[in-house]
Amino acid sequence: MTNEQLIFLFSPYLKADEKILGDFKAYAAELLEWNKKTNITAITGEYEIFKNHFLDSLSVLPLINPKGNLLDVGTGGGFPGLVLKIVCPELKVTVMDSVAKKVVFLDHIIDTLKLDSVDSKWGRAEEFGRDPAFREQYDVVTARAVATMPVLAEFCIPFVKVGGVFIAQKGRDEKEIKKAEKVIDILGGKLEEIRKVKLPGDDEDRNIAVIRKIRNTTQEYPRKPGIPEKRPIKTK
Ligand code: SAM
């Protein structure tokens, strides 16, 4: 894609300069190259990477403090965590995933783009969420396309500081978010907003759940790895 096309694509969220455009082009090229031998993402076209990964990740930009610290749970190829770092140089970012080869790719991107104040962690959210070095340490926690809302809430809310925010990019199903309100409450959160975004060419809105942490999460959560998926928190 040309710089003009990219500037237009990103214009709802930022005024992209040469450095930012260069970083995104290099990131897309590495993703396409690595994807030939390792399955980092199901998306394999250049335009689709710019739209469905980069632009979709940028849709949470208006909701974050660009000078705070952010944890991206189940980041995969770095979405949205590394994308937000590219456009917010002062943001401190931790990207976490349970698949080792994805973390090797993330480290390669962090090195290639010379991103500072970025840390990568290999492991499960349920384990890191019990570790005092991570628990209730973040201003912002993000997750895109990782798990159903009750499971995701148990993975992510324990990491958020009281007063901070958990931002879940939840795709097209708004009902799934609303149905999880009680679970969010049990974990110490409050559903503040469901923001709608539409990507170019899409008919349907995508939903972003904005969840404020209003109380500490009780020590019961998160439960052991695998349990949140096997037995999502019940509310009845
Ligand atoms: N967020 C990325 C995106 O939007 O492209 C990746 C989405 S991918 C469908 C889900 C990712 O979550 C996978 O990379 C998977 O390894 C990771 N994941 C799933 N369960 C996890 C857990 N319990 N702890 C950490 N990562 C997890």
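A polar contact is a pair of N or O atoms within 3.5 Å. That cut-off applies to the contacts visited on this tour of a predicted model.

**Stop 1: the ligand and Glu126**

Select the ligand together with glutamate 126. A polar atom in the side chain of glutamate 126 lies 2.9 Å from a ligand nitrogen, a separation that counts as a polar contact because the pair falls within 3.5 Å.

**Stop 2: Lys102 and Arg144**

Turn next to the oxygen atoms of the ligand. Select arginine 144: an N or O atom of its side chain is 2.5 Å from a ligand oxygen. Then select lysine 102, where a side-chain N or O atom is 3.0 Å from an oxygen atom of the ligand. With these residues displayed, consider the surface of the ligand. Taken alone, the ligand exposes 600 Å², and the protein buries 81% of that.

**Stop 3: the shell around the ligand**

Widen the selection to the 17 residues around the ligand. Gly74, Phe79, Asp97, Glu126 and Arg144 come nearest. Coloured by class, this shell shows 6 nonpolar, 6 polar and 5 charged residues.

**Stop 4: the largest pocket**

Which space does the ligand take? The ligand occupies the largest pocket, which holds about 700 Å³ of space. Its lining comprises 37 residues, and those nearest the pocket centre are Gly74, Gly76, Arg144, Ala145 and Val146. To see which elements contribute, select α3 (46–58), β2 (92–97), α6 (125–128) and β7 (206–213); each gives two or more residues to the lining of this pocket. By class, the lining of the largest pocket contains 13 nonpolar, 14 polar and 10 charged residues.

Two residues link this stop to the previous one. Gly74 and Arg144 are among the residues nearest the ligand, and both are also among those nearest the centre of the largest pocket.

**Stop 5: the second largest pocket**

Move now to the second largest pocket, with a volume of about 150 Å³. Select Asp17, Lys19, Ile20, Asp23, Lys85, Ile86, Pro89, Leu113, Lys114, Leu115 and Asp116 to display its lining. The elements giving two or more residues to this lining are α2 (18–37) and α4 (81–87). Which element supplies the largest share of the lining of the second largest pocket? Helix α2 does, with 3 residues.

Finally, colour the lining of the second largest pocket by class. The residues divide into 5 nonpolar and 6 charged, with no polar residues.

Conventions:
Residues numbered from 1 in each chain as written. Predicted model: local features only at pLDDT ≥ 70, side-chain atom pairs only at ≥ 80, totals over all residues. Heavy atoms only, no water. 1 Å grid on protein atoms, 1.4 Å probe; cavity = no way out; pocket = protein on both sides within 12 Å on 5 of 7 lines; lining within 4 Å. Points joined across faces, edges and corners; volume = space filled by probe spheres on them. Helix = DSSP H or I, 4+ residues; strand = E, 2+ residues; numbered from the N terminus. Nonpolar A, V, L, I, M, F, W, Y, C, P; charged D, E, K, R; others polar. Near = heavy atom within 4 Å. Polar contact = N/O pair within 3.5 Å; in protein donor to acceptor, adjacent residues only side chain to side chain. Areas by Shrake-Rupley, 256 points an atom, 1.4 Å probe, with all protein chains shown as cover. Sits in = over half its atoms within 2 Å of the grid points.
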